[in-house]
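Visitor: Could you take me through one sheet closely, strand by strand, and then place it among the other parts that can be described with similar care? I would like to see which statements rest on which residues, and how far the coordinates can be trusted.

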Amino acid sequence: MALSFMSSPLSLTQGQGKSSNGSILACVGTYSSPQGPEGSVGYGQGIYLFEMNPATGALTPRGLFEDPSNPSWLALDPSGTHMYAANETATFQGANSGSVSAFSIDRSNGHLAPLNTVSSQGAGPTHLSVHPSGKYLLVANYFGGTAAVFPIRSNGELGSASDVKKDQGKVGPRHPSSAPPGSFAISGHDVPHAHMIQADPSGRFVLASDLGLDQILIWRIDLQSGTLTPNDPAFASLPPGDGPRHFAFHANGKWLYSLQEEASTLVLFDLDASSGKLTARQTISTLPKGFTGTNFTSEVMVSPDGRFVYVSNRLHDSITFFSIGKEGVLSWVGEVWTRGDYPRHFNIDPTGNFLYSCNQRSDAVTTFRINRQTGDLTFTGQYTPVGTPSIIIFLT
Amino acid sequence: MPWNDSSHPRDAFSRFSRRGFLKGAAALAVTSPSLARTQRRANSTNRPILAYVGAYAGMQGPVGSKASEQGIYLFHMNPATGVLSQRGHFANDSETAWLEIASSGTHMYAANIIANFQGTNSGSVSAFSIDRESGHLELLNTVSSQGASPAHVSVHPSGKYLLVANFGGGSVAVLPIRSNGELGSATDVKQDQGKVGPIHPTSAPPGNFAIFGHDDGAHPHMIQADPTGRFVLVNDLALDKIFIWKFDIQKGTLTANDPPSVSLPPGDGPRHSVFQADGRRLYSLQEQGSTLVWFDFDPTSGSLTAKQTVSTLPKGFTGTSFTSGVVASSDGRFVYVSNRLHDSVAIFSIGKGGMLSWIDEVWTRGDYPRAINIDPTGNFLCSCNQRSDAITTFHINRETGHLTFTGHYASMGAPAAMVFLA
């Protein structure tokens, strides 16, 4: 594959992806429907465009693409010229499904032009990603419990689904095995819930976290037909009830860090590049020593230099960070208060110097400076108002 | 509807409270060895401080997530370290929005934030006697709060009346306290009157969606007497007013003062307030506005005069936050405010004359701090993090007012109100 998703942030440190004046563009997706997240109102109005000052990290609003259908997850294609949005709704054109939208991006100003919107083939899509080939969009439908593959046409539009798979298996218990003492972290263990889907950097395998089944499903993808077939082994299991939500690959493609929502753990897996087998090697809490109570993790990310892992904790309302040691083993480094409630997502900008936390329930994005040597985060003092922010991505 | 005191309290006891009492007794029995140890070292300086925490569960995380605990928990606080240890559970069928201990330290009152007490559209309040040695609670009686969803109760300085604010019902009630601590039938009930303020607060930070309670009628959130006991103040969140009532201690009745109220900026939502300077100052906390307003209080006329408004959020904050609790240090030098969604405690110094100055903020280490309180030694502040199901404890620097996290999380489902047994 010409471009893996991990290599693009690295290439940006060499100067790509910046506009002529040195600024960087970012898009923020939101819950924008009266049926917003967790039964509450979404206060966003669609997808917001910001210009980031690479020296200070400050975000300046530059536009809004109005979209009242909860564009809660966004992803770019490898060329950075098209963006895809998961519209996290339960109805689309009368069917019990969400939808996905394709946009072309004007790289000079970040302007979004809608191309088309199709059914996501399941209710409540919470995640999507573009296969490294650039030929397929992979979609995880949380409430529908399905994974779907959509061909991407040469102009960036989405075609009809080339495959839809319903997650199969035994739903895990309501109470997580690994949560801290005093936890009431109960969610999603009623039916299968596909929460994330992404190809490995080689593009040969497609991995999908199912929070309800407590499994990471492993598929092989046929790039000619756009179809998924179960790998052997077909999945890796997490402890019952722990709720795998998201994962992140190390740039070397060999290490995968899986984040469990109900258990507040990170699990290091080895990915065998030939067999697709995942082998667990380390489990570490995403919460500080002594923590008791309830927390739901949300996002995990490896720093562009491959030295640190960052995790967001909803209810503890923190970003915790870990150093990556020999063989990928994680060690706790520190925690920082997000300065806002329920950080659903965070991201590191292309320079690698700033981290942005999308604080869903306090309606703001907060900016932290990254110490590239130690991994530490320091709050910049910057709050950027956005109603019910759910994701931030940079136009790389 | 009139409340029949002679029959209903016993019904209440037999119908649900006795079961709770037995559960509570059983839970406490389990801990008797530690209680015995407590008694043995009764004179030692390490004798634990008793605290009660009420549970009030609401939305928490993803769809359907909710802490399922109810009732009142007993904790022991180590006065040297601030560490809280759970020592008992008094179960009941209600959510507890507020707890208050009478100044005698022998009785406690709970606001049960329900709207269906004995088939009526009302909440209830419960009276307990306290075993000061073991912390054991014995339910005395439970009566109607005379309005839906009571959010706050306080004891009049005379010790003769319990004052109740019914958030959902828009009313306040005065309930006599009998000599044994039981509650009698209401001597007065007043419906808050006025125009509901706008949905959007006047004073909230940029980018806020602090929208709550300004839609469907009055919402008294707190009721308390001034230290003289002559006046009763009611913070009505929806009407954006603090009502000022004259209190008749003989009859237990409220009559409108002149002036009868003071207004906060439209939509700002006065929630709680705290008296200082022997009752000559009042600091009012606005839930939607995220402001603290310093009023001078005239204990002769009962008039409130606004002197200063400060934000409870740091410089540069944008977005949504809802304030919750306001407490003052016993020396009157500092005021602490909790911010839900910013999930912080903001610290202010009180200068000469009453002027507030921002000192610092501290992260609560948990979500949605519904209540904060300072222990009787004055050395620790506890934050009840309602949605993350833990109480976090902070060390107070008595000189500077600063808070430092002790590292201690005490687990409990949906902690919402906390009182210490002084």
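Guide: In this predicted model, β4, β5, β6 and β7 of chain A form, in that order, an open sheet of 4 strands with antiparallel pairing. Its edges are β4 (71–76) and β7 (112–119) of chain A, each of which pairs on one side only, and from one strand to the next the twist averages 25°. Inside the sheet, strand β5 (residues 82–87) of chain A runs antiparallel to strand β6 (residues 99–105) of chain A, and 6 bridges join them. A residue pair that fixes the register is Met83(A), which stands opposite Phe103(A) in β6(A). As a general matter, strands of a sheet pair through backbone hydrogen bonds, either parallel or antiparallel, while the side chains of a regular strand alternate between the two faces of the sheet.

How far can chain A be read in this way? The mean pLDDT of chain A is 93, and 95% of its residues reach 70 or more. The exception to keep in mind is the stretch of residues 1–20 of chain A, where pLDDT stays under 50, although the model has 35 contacts beyond four places in sequence for these residues. Where pLDDT is low, predicted coordinates should not be read in detail.

Further along chain A, strand β10 (residues 146–151) can be followed on both of its sides. Strand β9 (residues 136–141) of chain A and β10(A) run antiparallel and are joined by 6 bridges, with Ala140(A) standing opposite Ala147(A) in β10(A). The two strands make a hairpin with 4 residues between them, and in its turn Gly145(A) has a positive phi of about 65°. β10(A) also pairs, again in the antiparallel sense, with strand β11 (residues 163–166) of chain A over 4 bridges, and here Thr146(A) stands opposite Lys166(A) in β11(A). Because 5 of the 6 residues of β10(A) are buried, the strand is largely enclosed by the rest of the structure.

A loop residue of chain A can be examined in the same manner. Asp200(A) sits in the loop between β12 (194–199) and β13 (205–210) of chain A, and Asp200(A) counts as buried because there are 21 C-beta neighbours inside 10 Å. Once neighbours within four places in sequence are set aside, the contacts of Asp200(A) are Phe205(A), Leu207(A), Phe249(A), Gly253(A) and Leu271(A). As a distance reference, the C-alpha atom of Asp200(A) is separated by 33 Å from that of Ser33(A), which is 167 residues apart from it along the chain.

Chain B offers a further strand for comparison, within a chain that has 2 helices and 28 strands. Strand β6 (residues 124–130) of chain B is largely enclosed by the rest of the structure, because 6 of its 7 residues are buried. On one side, strand β5 (residues 107–112) of chain B and β6(B) pair in the antiparallel sense over 6 bridges, and His107(B) has Ser129(B) as its bridge partner in β6(B). β6(B) is also joined by 7 bridges to strand β7 (residues 137–144) of chain B, and these strands run antiparallel. Ser129(B) appears in this pairing too, with Glu138(B) as its bridge partner in β7(B). The hairpin of β6(B) and β7(B) has 6 residues between the strands, and Gly135(B) in this hairpin takes a positive phi near 85°.

Over chain B as a whole, buried residues make up 57% of the 422 residues, and of the contacts with a separation of 6 or more, 54% are between residues 24 or more positions apart. The largest nonpolar core has 111 residues, of which Leu162(B) and Val164(B) touch the most other members. Beyond its neighbours within four places in sequence, Val164(B) is in contact with residues including Ala111(B), Val125(B), Pro150(B), Val172(B) and Ile223(B). Another core lies apart from that one and has 103 residues, among them Val118(A), Ala208(A), Ile218(A) and Tyr257(A).

Finally, there is the contact between the chains, which takes 36 residues from chain A and 38 residues from chain B. On the side of chain A that touches chain B, the largest share, 5 residues, comes from strand β27 (residues 377–385) of chain A, and the residues of that side divide into 12 nonpolar, 17 polar and 7 charged.

Definitions and conventions. Residues are numbered from 1 along each chain as its sequence is written. Chains are lettered from A and ligands numbered from 1 in the order in which they are written. This is a predicted model: local features need pLDDT of at least 70, side-chain atom pairs count only at pLDDT 80 or more; totals for chains, interfaces and linings use all residues. Two residues are in contact if their C-beta atoms, placed from the backbone, lie within 7 Å. Ala, Val, Leu, Ile, Met, Phe, Trp, Tyr, Cys and Pro count as nonpolar, Asp, Glu, Lys and Arg as charged, and the others, Gly among them, as polar. A nonpolar core is a set of buried Ala, Val, Leu, Ile, Met, Phe, Trp, Tyr and Cys residues joined through C-beta atoms within 7 Å. A residue is buried if 20 or more other C-beta atoms lie within 10 Å of its own, exposed if 12 or fewer, and partly exposed in between; C-beta atoms are placed from the backbone. Two strands pair if DSSP finds at least two bridges between them. Axes are lines fitted to C-alpha atoms, for helices over the stretch in contact, and angles run from 0 to 180 degrees between N-to-C directions. pLDDT is the predictor's confidence in each residue, from 0 to 100.
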